[in-house]
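Here's a quick briefing to read alongside the model. Have the viewer open and follow the topics one by one.

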2 protein chains.
Amino acid sequence: MKAQNPHNVLLGFIGGTEGLFAKKMLEITDDVLSSYKNQGGFDLLGRTVDQIRTTEQVNAAMSTCCDLSLDGLIIIGGVTSNSDAAQLAETFAKHNCNTKVIGVPVTLSGDLKNQFVETTVGFDTVCKVNSQLISNVCLDAVSAGKYYYFVRLMGGKASHVAFECALQSHPNMVILGEEVALSKLTLMEIINKICDGVEARAARGKYHGVLLIPEGLIESIPEMYALIQEINNLYINNVPEDEIPSQLSPWAAALFKFLPSFIRRELVLHQESDNSAQLSQIDTEQLLAHLVEAEMNRRTKEGNYKGRKFSSVCHFFGSQARGSLPSNFDCNYAYVLGHICVQILATGLNGYMATITNLKDSTNKWRCAAVPLTAMMSVRRHLRGPGAVPIGRPVIHPSPIDLKAESYAVLREKASSFLLDDFYRTPGGIQFEGPGANTKPITLTIEGHDYLGDIEILQDYLNKVRTILKPGCSREILKAAISSMSSVNDVLKVMSAPLNAELPLYHFN
Amino acid sequence: MKAQNPHNVLLGFIGGTEGLFAKKMLEITDDVLSSYKNQGGFDLLGRTVDQIRTTEQVNAAMSTCCDLSLDGLIIIGGVTSNSDAAQLAETFAKHNCNTKVIGVPVTLSGDLKNQFVETTVGFDTVCKVNSQLISNVCLDAVSAGKYYYFVRLMGGKASHVAFECALQSHPNMVILGEEVALSKLTLMEIINKICDGVEARAARGKYHGVLLIPEGLIESIPEMYALIQEINNLYINNVPEDEIPSQLSPWAAALFKFLPSFIRRELVLHQESDNSAQLSQIDTEQLLAHLVEAEMNRRTKEGNYKGRKFSSVCHFFGSQARGSLPSNFDCNYAYVLGHICVQILATGLNGYMATITNLKDSTNKWRCAAVPLTAMMSVRRHLRGPGAVPIGRPVIHPSPIDLKAESYAVLREKASSFLLDDFYRTPGGIQFEGPGANTKPITLTIEGHDYLGDIEILQDYLNKVRTILKPGCSREILKAAISSMSSVNDVLKVMSAPLNAELPLYHFN
């Protein structure tokens, strides 16, 4: 920014949104930045509420930007923040506010992912730290040979972190929310699946193991989702916490009673402002461990399982993976995105996101772009439950794991080896020098299709066709071209016919 | 070993002690070792019970060693394993078993520490991984600015891990078991101390913080220790778990009732064979967080505290720090100890420990030695409670933190800055190359007095005196020498008079 014009000034809003609304800021000079460069955490500015949505909030943001005559407002965050950035860009333009709004894809959950955004800043670091810890737990498990470790990882709507960590550390089992949702697995089906794994391992004389689950798993289980919905509705209607159990539907009440008491207590806890069951407060890993133990005891009693008694240890890897020193990849990614923001502002674009594709390649082959935020937004029918958005409001939706993608095929292919062979992988702590210092997320290196690169390749072909078919070309060549183009056209018409992805998919099992 | 004689053979006992008793072993060839070198965990051989103590166990070990005609038995472990090694060495010698027993100081808790053993293999790695996680939590705390993190670390009898981690990561508060034991702080005094810290920070507008405690803290609190003793005694006398509360003394019962229900439940849990309350199963960090919250609410109600509501998040860093890739320092330390073992065996010594002093210096200045295990052993009066040893049995006792040492002074000096200034330090993950790859434990670099080096210096002086005072020296020089030596003798006689360190120290407060 200073290279473009030494008079350029960068301001940071204290606490993020709160500072934006209250016009509290700090000039970010080289001096201020020097001790924060390449460091983790949000402690330079702090963080408050990650939302700019209400009329008051939007107006406050707009008046700050106008008062300060800002050329640009750069909003750094995940799906929520970038959706808000798009709305803000539109509002600013409508009210002739000259500040251009730019989004930057930064979130550790990795659920802001599409053809333009291959991964988000922070995802690599969080997955590396978690994988390091998971592999430590794996080695501890196999050393003692007597405990099953149930490890819960961050990740609400989508299980990207658990997925990437599974590919990095090779635990014995991983249950992804997306798999459960697709197969509509019930709680007992999941428990039985885990118990079958425990039995298969016992048959090989193994009484230890490591199981990964994402935080959001509990919401992916159909009957648990329904129960959480009922509890949330009662809560929204101001039913006091102690009356909630008695007002559940008979069906939900039966499930509620079946759950161990510590989970019942956690389900009716509502501490945060958005009135939804706090996923990070539900000890799903303990629920599963508890139910697996009960089921293994049952199998032992009935004589179906003859192995040693099942024992478990539970872990939740939450804040200990955040605030980490960022990986080289995340630092590079963030620096380049910063440069792109300056270019976008210099061009005067509004409502765009700074993006880079072809990240799997070396830095000098990265492809920088400014993508309209609207290109990532869509309107869905009303979503019930936690995090619901009003009908008809276009937002950037969290992207679930693509179960048809190559990286998922890799995981499935290795699943039975992971389960039985203790094929643990030990990535160690994030390295800043030496071999391994420049590794990237495995999912990125497997999938990373260069969308913008492919579009360029297509443009090249179209240009070549145009050059060959200039007036004056032979009748035969023209005929061949018409035939080919008509065929391409037909194929693409069929392939791009609107497919309502939001309709429920019925499975005939 | 192979360099000494290519026909030398190294056997590893499967599962450690269990393999030793059952004569189950594995030849450790270069090939077997290749994929385990510089890796963490005990998964090459596995681990079972860390004890060779009963007559059956000792006899089984002896018959294995005799049957295999082993030249040496190398026992790797902490205070317990090395105490057992000493007893085994004596027993073997008495029964004319030719196998020499050698101990190697390896334990992550760092409590095998004396003038010969400056630190143990594993301690550096575990402290580095924990410090990495603590610093992540610190940055997360200061970023959000609204939670206090209560972090419990491994470490039973001694708080070395918590101490070293505090020096590495600079959390706001750390409570060491040794401090609590020395000052005989009650539970409520500890709570008040923490609450005063919370208030002092609130006065500066800070509502976040990080507190470290060692696993063993709960046993250092006098009234909690007494309660745990009573529960253990009832348990040993086969009182069923549900009757324990009603059979406590009125005093202990009152404390028991005061504790939150989740701690009460944990206190009466007895899962392991040694019949002692399982420290790692008592969520001391949750107990403290719970009581601090209650006390802060009381202070708010009484109008003494006017800050924001106190909120906490609890963590236990257990197995996720074990099984880590070892640090360069730990690898080097272990390799050199291995070489020393070969030398000890070649010399035919029995009942010795391989040691290295001057570890704080570069590797080529390390001072290798074989130290008789008995030099580290002492007899103490009967210890009650968990881990008690029979009266009169000489053992290597766990060394507590030396509160008079320089490194503790460093911590105390910085305590108020740590508390108020958020002077967090971010060591990051263990590095294997580049700057920081060869760091050592901070306590080691502060304290690391080279005991064996000092003994050599003294020997040098004595030799010089002897040379100067050869018959033929002048009367004056002889007179001066006698006067000086007599003075040295007097001083040392007083300083080395037996001081019964086991007598209780009375504090007049």
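Before counting anything between chains, a word on terms: a polar contact here is a pair of N or O atoms within 3.5 Å, and within protein one of the two must be able to donate a hydrogen and the other to accept it, while residues adjacent in sequence count only if both atoms are side-chain atoms. By that rule, 17 residue pairs are in polar contact across the interface of chain B and chain A, both residues at pLDDT 80 or more. Keep in mind that this is a predicted model.

**Where the two chains meet**

- On the chain B side, the elements that give two or more residues to the surface touching chain A are α5 (123-144) and β8 (312-317).
- Helix α5(B) supplies the largest share of that side, with ten residues.
- Sorted by class, the side of chain B that touches chain A has 16 nonpolar, 16 polar and six charged residues.
- Each partner is represented in the contact as follows: 38 residues from chain B and 38 residues from chain A.
- Put together, chain B and chain A bury about 2,800 Å² between them, and 49% of that is on carbon and sulfur atoms.
- If you want residues to click on in chain B, try B:N136, B:S143 and B:Q320: they lose the most area to chain A, together 19% of what that side buries.
- There are two salt bridges between chain B and chain A.
- One pairing to look up is B:R322 with A:D140, whose side chains meet in a salt bridge at 2.9 Å, N to O.

**Inside chain A: two domains**

- The domain assignment splits chain A into domain 1 (11-121 + 326-376) and domain 2 (123-324 + 402-430).
- Taken over C-alpha atoms, the centres of domain 1 and domain 2 of chain A are 33 Å apart.
- Domain 1 of chain A puts 15 residues into the contact, and domain 2 of chain A puts in 13 residues.
- Between them, these two domains of chain A bury about 1,000 Å², with 59% of it on carbon and sulfur atoms.
- Within domain 1 of chain A, the residues losing the most area to domain 2 are A:L108, A:S109 and A:S327, which together make up 45% of what that side buries.
- What does the polar side of this interface look like? Four residue pairs are in polar contact between domain 1 and domain 2 of chain A, both residues at pLDDT 80 or more.
- The side of domain 1 of chain A that touches domain 2 divides into four nonpolar, eight polar and three charged residues.
- As for salt bridges, the rule finds zero across the interface of domain 1 and domain 2 of chain A.

**Two asparagines with positive phi**

- A:N238 has a positive phi of about 60° although it isn't a glycine, and its place is the loop between α10 (222-236) and α11 (250-258) of chain A.
- A:N238 counts as exposed because its relative accessibility is 66%, and the cut-off for exposed is over 50%.
- B:N358 also isn't a glycine, yet has a positive phi of about 60°; look for B:N358 in the loop between β9 (352-357) and β10 (367-372) of chain B.
- Buried or exposed? B:N358 counts as buried, because its relative accessibility is 7% and buried means under 20%.

**A glutamate in a helix**

- A:E179 is in helix α7 (residues 177-183) of chain A.
- With 8% relative accessibility, A:E179 counts as buried.
- Neighbours within four places in sequence aside, A:E179 is in contact with A:V174, A:L403, A:Y408 and A:R412.

Note on methods. Residues numbered from 1 in each chain as written. Chains lettered and ligands numbered in written order. Predicted model: local features only at pLDDT ≥ 70, side-chain atom pairs only at ≥ 80, totals over all residues. Heavy atoms only, no water. Helix = DSSP H or I, 4+ residues; strand = E, 2+ residues; numbered from the N terminus. Buried < 20%, exposed > 50% of the residue type's maximum accessible area, 1.4 Å probe, protein only. Domains from an automatic or database assignment. Contact = heavy atoms within 4.5 Å. Buried area = accessible area lost by both parts, 1.4 Å probe. Salt bridge = Lys/Arg side-chain N within 4 Å of Asp/Glu carboxyl O. Nonpolar A, V, L, I, M, F, W, Y, C, P; charged D, E, K, R; others polar.
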